[in-house]
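The exercises below ask you to read a protein model step by step. Try each task on your own before you turn to its solution.

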Amino acid sequence: MLSDKQSVLQLAALLHAHGVRHAVLCPGSRCAPIVHTLLECGLFTCHRVTDERSAAFVALGLAQHGGEPAAVVCTSGTALLNMHPVVAEAFYQQVPLVVVSADRPAAWIGQQDGQTLPQPRVFGSLARRSVDVPEIHDETSAWHANRLINEALLECRHRVAGPVHINMPISEPLYRFTIPQLPRTRAIARCTAPPHALPARTMLVFGQLPAPLDAPQGFLCVAENLSNSRGIRRIDELVDDASLPAPQLVVTLGGHILSKKLKEYLRRNGVEHWHVCPEGAVADTFCTLTHVLEMQPADFLRALPPCADAAFADAWKHAEDALPAPDAEHDLALAATRAAMELLQPGDTLQLANSSAVRFAQRFPLPDGVHVRCNRGTSGIEGSLSTAVGCAAACAPARCLCIIGDLSFFYDMNALWNAVERDNLRIVLLNNGGGRIFSTLPGMPAQGASHDAIAGVHAQSAQAWAQSCGMAYLSASSHAELPAAMQALSAATKATLLEIMC
């Protein structure tokens, strides 16, 4: 029988899945669940060594022979520090060594409890990857633990082999051995080509990209505006349609995707996920990642065989074509976003601020030849305007159109007085007196002091600031005023700000 600690069972199953066959075991009480499980599961050749320094060197020798990773397990406290010389040796020899340390729960570190010290990342830059694995209490912590262990074991032999450190906090009781066998668990693999043929119902999702990718004929391609590519755009409005066939596989190419509803849909349906990424990063966006394809997205697409059955893609495309046009007639911010995007011409750049602005823009199609940029790496609002100013300076004489919300604008308004060339900059400011996006969140207070603080409620206008910075200023506060304001913005010959009071 094995330990009832779910994180320990995940560890043992994944060590085996990633090719570890030898484990050197050191004595101790905190590591007892790990030691017992590795001994009793029958998947490892176990070697018992009392001295942690010697044990780690034994594991180093095991890993040297044949180049397969070997693990060494120790208890908490100074036991781990005795392995530091071996980790250094493995790093410079490029030997795949897996150091597994049991640990006290974090709450007890520094509280004069026995055998405690800060163990996570104790080897610093000498470990190619260090992870602190959470104890498993629910589905989220189970996914997190699985992903972290996978990440560490993948890094052990990624490009250049070396040591990794897996720290395992374990709560008492330690000696409950009630589980008959290891669970089936998800192992993530890296590869340089697709591991097998794509199933008929494959969804390709293009994340944020600096340049467009060509969607392969017959495949279902989801391509938000930030991907600069062509494909299904109004995905938020489609994922709730139960009549559409669900994908069997999702392949992501590029960076972040905007649609929270798409993420929830794929997680809810447990769709297998491959991520195409030239640096081989583990991005488990949907909690179902099985393969990281370490290759350029364009190379992956070129290598795809012709689609044998386009029925899956056609069903989603026909559903998108049947959607009614977004209702912008009763929403001035949406109407202004649509009208501004219709002004764009080939060669222009559309710079989108985060929060509402980028989501409004997703509702409408882009003219061909327009470049889309947005700070979606971390999705903050604090530099959207400054980024647009820099973009305008770089893309001149082509125009840079920035669509931005009021909080993003006022947060970063100092961008406009800096001495940066920006005559080609056009700004559409959606000023609704605060963070409108917060009103869409469940549980958000509808009014009161907390609402005003959370939403950043204000009564400011950008007119005086824009004019003092040498910009032309336009405004519109109704649908009737919008066409003339947009026409003036289109005809402008210098940096211009159009404020939509919505």
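**Exercise 1.** In which loop is the place of Gln 112? Describe its backbone and its exposure as well.

Solution. The model is a predicted one, and in it Gln 112 belongs to the loop between strand 5 and strand 6. Turning next to the backbone, we find that phi of Gln 112 is near 60°, which is a positive value in a residue other than glycine. Such a value deserves a remark, because most residues other than glycine have a negative phi. For the last step we need the cut-off for exposure, which is a relative accessible area over 50%. Gln 112 has a relative accessible area of 82%, and therefore counts as exposed.

**Exercise 2.** Carry out the same steps for Arg 159: where is its place in the chain, and is the residue buried or exposed?

Solution. Arg 159 is located in the loop between helix 6 and strand 7. Its phi is positive, at about 65°, although the residue is not a glycine. The relative accessibility of Arg 159 is 59%, so that this residue counts as exposed.

**Exercise 3.** Find the cis peptide bonds that lead into Pro 173 and Pro 397, and place each proline in the chain.

Solution. We begin with the bond from Glu 172 to Pro 173, which is cis and has an omega near 5°. Pro 173 sits in the loop that runs between strand 7 and strand 8, the latter covering residues 177-179. The bond from Ala 396 to Pro 397 is likewise cis, here with omega near 10°. Pro 397 is placed in the loop between helix 12 and strand 17. These bonds are worth noting because most peptide bonds are trans.

**Exercise 4.** In what order do the strands of the open sheet that contains strand 2 and strand 4 follow one another, and which helices pack on this sheet?

Solution. Reading across the sheet, we meet six strands in the order 3-2-4-5-7-6, with parallel pairing. At the edges stand strand 3, residues 45-48, and strand 6, residues 129-132, each of which pairs on one side only. Neighbouring strands of this sheet are turned against each other by 20° on average, if direction is ignored. As an example of pairing, strand 2, made of residues 22-25, runs parallel to strand 4, made of residues 70-74, and four bridges join them. Within this pair, Leu 25 stands opposite Val 73 in strand 4.

We can now add the helices. Helix 1, residues 6-17, packs on the sheet and touches strand 5 (97-103) and strand 7 (164-169), and its direction makes about 155° with that of strand 7. Helix 6, residues 139-155, also packs on this sheet, where it touches strand 5, strand 6 and strand 7. The direction of helix 6 makes about 165° with that of strand 6.

**Exercise 5.** Which strands stand at the edges of the open sheet with the order 16-15-17-18-20-19? Continue with its pairs and its helix.

Solution. This open sheet has six strands and parallel pairing. Strand 16 (371-374) and strand 19 (472-476) stand at the edges, and because each has a single partner strand, one side of each is left without a neighbour in the sheet. The twist from one strand to the next averages 20°. Near one edge, strand 19 is joined to strand 20, residues 496-501, by five bridges, and the two run parallel. Here Ala 472 has Thr 496 of strand 20 as its bridge partner.

Helix 12, residues 384-395, packs on this sheet and touches strand 15 (349-352), strand 17 (400-405) and strand 18 (425-431). Its direction makes about 175° with that of strand 17.

Finally, we look at strand 15 itself, which pairs with strand 16 in the parallel sense over four bridges. Leu 352 has Cys 374 in strand 16 as its bridge partner. Thr 349 and Gln 351 point one way from strand 15, while Leu 350 and Leu 352 point the other way, and all are buried.

**Exercise 6.** How many helices and strands does the protein chain have, and what share of its residues is buried?

Solution. The secondary structure comes to 16 helices and 20 strands. Of the 502 residues of the chain, 51% count as buried. As for contacts with a separation of 6 or more, 71% are accounted for by residues 24 or more positions apart.

Key: Residues are numbered from 1 along each chain as its sequence is written. This is a predicted model: local features need pLDDT of at least 70, side-chain atom pairs count only at pLDDT 80 or more; totals for chains, interfaces and linings use all residues. Side-chain values use heavy atoms; hydrogens and water are left out. Buried means under 20% relative accessible area, exposed over 50%, partly exposed in between (1.4 Å probe, protein chains only). Contact means heavy atoms within 4.5 Å. Two strands pair if DSSP finds at least two bridges between them. Axes are lines fitted to C-alpha atoms, for helices over the stretch in contact, and angles run from 0 to 180 degrees between N-to-C directions.
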